[in-house]
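Q: Could you walk me through reading a fold, feature by feature?

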Amino acid sequence: MLRLSLIAVFCLVSLTSAGSLFTQLPFNTANDLSKKWSWEDCGVDTDPVRIQSIEISPDPPSPGKALTVKVTGTANEVIEEGAIADVTVKLGLIKLLSKRFDVCEEARNANASVQCPVEKGQYVVVQTVDLPKEIPPAKFHVHVEGYTVDDEDLMCMDLTIDFTKGFSM
């Protein structure tokens, strides 16, 4: 149950960016060590989906509390049914999850404000999720690779969130 809750949280963040195509957490800079979380766009300039910013509230997030995520991104191509996202969640070297998700289906299931087909343009997506209070004190790494219906690169994102001691609760 705890594992599924954690996966749901990370997938929500990951899939909102890949799924509704723009729902990442507001991480200021990927290399800011004072932050308890960070994100990095690991894609290339020609990827159909580019994330400009992610904001979260509260920052830092707290286990057992609601987390609101605001993602701003751009679709440079139309994103059609059949787009997928491969999500990997790791705790250190231990792989907790490696799963393929249907991006459009996940957006529908989450009742996201952006639905397929996603037309070209800039989007701002806001989503709120309740974080489980049982999140263990650990540092999680999430890697998301998205692909179009034609199996072309769609987007890439790395996310790190640190729930170790000293994390605001």
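The dialogue below covers the sheet, the core and the salt bridges.

Q: What kind of model is this, and how are residues numbered?
A: The model is predicted: local features need pLDDT of at least 70, side-chain atom pairs count only at pLDDT 80 or more, and totals for chains, interfaces and linings use all residues. Residues are numbered from 1 along each chain as its sequence is written, and side-chain values use heavy atoms, with hydrogens and water left out.

Q: In what order do the strands of the open sheet run?
A: Strands of a sheet pair through backbone hydrogen bonds, either parallel or antiparallel. Strands here are DSSP runs (E, at least two residues; helices are H or I, at least four), numbered from the N terminus. Two strands pair if DSSP finds at least two bridges between them. The open sheet has five strands, ordered β1-β8-β7-β4-β5, with antiparallel pairing. β1 and β5 are the edge strands with a single partner each, so one side of each lacks a neighbour in the sheet.

Q: How many bridges join β4 to β5, and which residues are partners across β4 and β7?
A: Eight bridges join antiparallel β4 and β5. These strands form a hairpin with two residues between them, and G92 in the turn has a positive phi of about 65°. V87 has K99 in β5 as its bridge partner. β4 also pairs with β7, antiparallel, over eight bridges. There, D86 faces E145, and L91 stands opposite F140.

Q: Which residues of the largest nonpolar core touch the most other members?
A: In soluble globular proteins, nonpolar side chains tend to be buried together. A nonpolar core is a set of buried Ala, Val, Leu, Ile, Met, Phe, Trp, Tyr and Cys residues joined through side-chain atoms within 4.5 Å. Buried means under 20% relative accessible area, exposed over 50%, partly exposed in between (1.4 Å probe, protein chains only). The largest core has 35 residues; W39, I54, V87, V144 and M157 touch the most other members. β8 gives the largest share, five residues.

Q: Where do the partners of the D162 salt bridge lie?
A: A salt bridge is a side-chain nitrogen of Lys or Arg within 4 Å of a carboxyl oxygen of Asp or Glu. The whole structure has five. D162 pairs with K36, with the closest N and O atoms 3.4 Å apart. D162 lies in β8 and K36 in the loop between α1 and β1, so the pair ties together parts 126 residues apart in sequence. D162 is buried at 14% relative accessibility; K36 is partly exposed at 22%.
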